[in-house]
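Please open the model in your viewer and keep the sequence panel beside it, so that each selection can be followed in both. The tour goes from stop to stop, saying what to select and what is found there.

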Amino acid sequence: MNYQGVLTKMQTENGSPIQYYLVFENDFLHVNQLLDKKISINFLRYQCLNCNLQKKVYRQGFCYDCFFDSPQTAAWIISPELSKAHLGIEDRDLEYEKRIQLRPHVVYLANSSNIKVGVTRKTQLPTRWIDQGAHEAIEIVEVPNRYLAGIVEMALKNHISDKTNWRMMLKNDLKDEDLVDWRNNLKQFIPEEASEYFLENNLETHLEFPVLRYPTVPKPLNLVKTPFYEGVLKGIKGQYLLFEDNTVFNVRANEGCVVSITVN
Ligand SMILES: [Zn+2]
């Protein structure tokens, strides 16, 4: 079977285990069904996710021009504390910014290799946690806009990491943590403006990834440098495909690559 199309991050459905889908324009692949099968990935060309032109991808699946132009890749996406729609101030496109920023956001703790703090729109849970490869996570506050979530995250960053160690996450080098305890200890550092939004009753969410075998020394596949790869799929975690020979393929980091995938 052969599938072809532009890569976008895998769609997921929470379950035991999580279900993963690669969605192409006219077709989709239920990736869980490829476990223990030999698949090949062939890089064909670039296609910008925004303008659809065959231009080199710069970041996040966007070409250089789109990355610096589109409201979807503005700085407030990565740095929520820069959000200004709640003040009516435009960055790149005020209507878009209002639509995304002025909605319920959650600040959470997710444990993928270590505990990290993060921000997401409420509707993106648990998708965001799955994409990060977190095996457990918990909400800390739910606030009415992105700016407030950003300032809570900034304050908590002084006391907890905001980074994931992806190698440890892929090797499943984990420590179980009591996230309820962590949340309660971090409460004192939530800025005054957001303190009324603290969530005191939520419990940990646990996520189960479809993995038969974890890589011992993960070797990232760079599809542009190595345009053809073939291997036996042994697992899916976060947005990574994990292969028998320790190769790991970050689907999200390859958004905007047009590929042909063959299942043997
Ligand atoms: Zn473009």
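Begin by selecting Pro126, which is found in the loop between strand 9 (115–121) and helix 4 (127–132); helices (H or I, at least four residues) and strands (E, at least two) are DSSP runs, numbered from the N terminus. A cis peptide bond joins Leu125 and Pro126, and omega is about 5° there. Before going on, note that this is a predicted model, in which local features need pLDDT of at least 70 and side-chain atom pairs count only at pLDDT 80 or more, while totals for chains, interfaces and linings use all residues. To find each stop, count residues from 1 along each chain as its sequence is written.

From Pro126, move to Pro17, whose place is in the loop between strand 2 and strand 3. The peptide bond leading from Ser16 to Pro17 is cis as well, with omega near 0°.

**The sheet of three strands**

The strands on either side of Pro17 belong to an open sheet of three strands in the order 2-3-4, with antiparallel pairing, where two strands pair if DSSP finds at least two bridges between them. Strand 2 (11–13) and strand 4 (28–30) stand at the edges with a single partner strand each, so one side of each has no neighbour in the sheet. From one strand to the next the twist averages 25°, an angle taken between N-to-C directions on a scale from 0 to 180 degrees, with axes that are lines fitted to C-alpha atoms, for helices over the stretch in contact. Now select strand 3 (residues 19–23), which runs antiparallel to strand 4 and is joined to it by three bridges; within strand 3 and strand 4, Val23 stands opposite Phe28.

**The sheet of four strands**

Next, select strands 9, 8, 10 and 11, which form an open sheet in that order, 9-8-10-11, with antiparallel pairing. Strand 9 and strand 11 (205–206) are its edge strands, each pairing on one side only. Helix 7 packs on this sheet, touching strand 8 (105–111), strand 9 and strand 10, and its direction makes about 30° with that of strand 10.

Stay with strand 10 (residues 136–143), which pairs with strand 11 in the antiparallel sense over two bridges. Along this pairing, Ala137 stands opposite Thr205 in strand 11, and the bridge partner of Glu136 is His206. Towards strand 8, seven bridges join the two antiparallel strands, strand 8 and strand 10, and here Ala110 stands opposite Ala137. Is strand 10 buried or exposed? Six of its eight residues are buried, so strand 10 is largely enclosed by the rest of the structure; a residue is buried if 20 or more other C-beta atoms, placed from the backbone, lie within 10 Å of its own, exposed if 12 or fewer, and partly exposed in between.

**The core and the two domains**

Select Val107, Tyr108, Leu109 and Leu241, the residues with the most contacts inside the largest nonpolar core, which has 53 residues. Such a core is a set of buried Ala, Val, Leu, Ile, Met, Phe, Trp, Tyr and Cys residues joined through C-beta atoms within 7 Å. This core draws at least three residues from each of domain 1 (2–67 + 211–263) and domain 2 (74–206), with bounds that come from an automatic or database domain assignment.

Colour the two domains separately: their C-alpha centres lie 26 Å apart, and 14 residues of domain 1 are in contact with eleven residues of domain 2, contact being C-beta atoms, placed from the backbone, within 7 Å. Leaving aside its neighbours within four places in sequence, Tyr108 is in contact with Gly118, Ala137, Ile138, Glu139 and Ile140.

**Helix 3 and two loop residues**

Now select helix 3 (residues 94–101), whose buried residues are Glu97, Ile100 and Gln101. Seen down the axis of helix 3, these fall within an arc of 85°, so they line one face of the helix; the arc is that of the directions from the helix axis to the C-beta atoms. What covers them includes helix 5 (146–157), whereas on the other side of helix 3, Glu95 and Arg99 are exposed.

Finish at Gln60, in the loop between strand 6 (57–59) and strand 7 (62–63), where phi is near 50°, a positive value in a residue other than glycine. Asn172, in the loop between helix 6 (166–171) and helix 7 (179–186), also has a positive phi, of about 60°, although it is not a glycine.

Definitions and conventions: Two residues are in contact if their C-beta atoms, placed from the backbone, lie within 7 Å.
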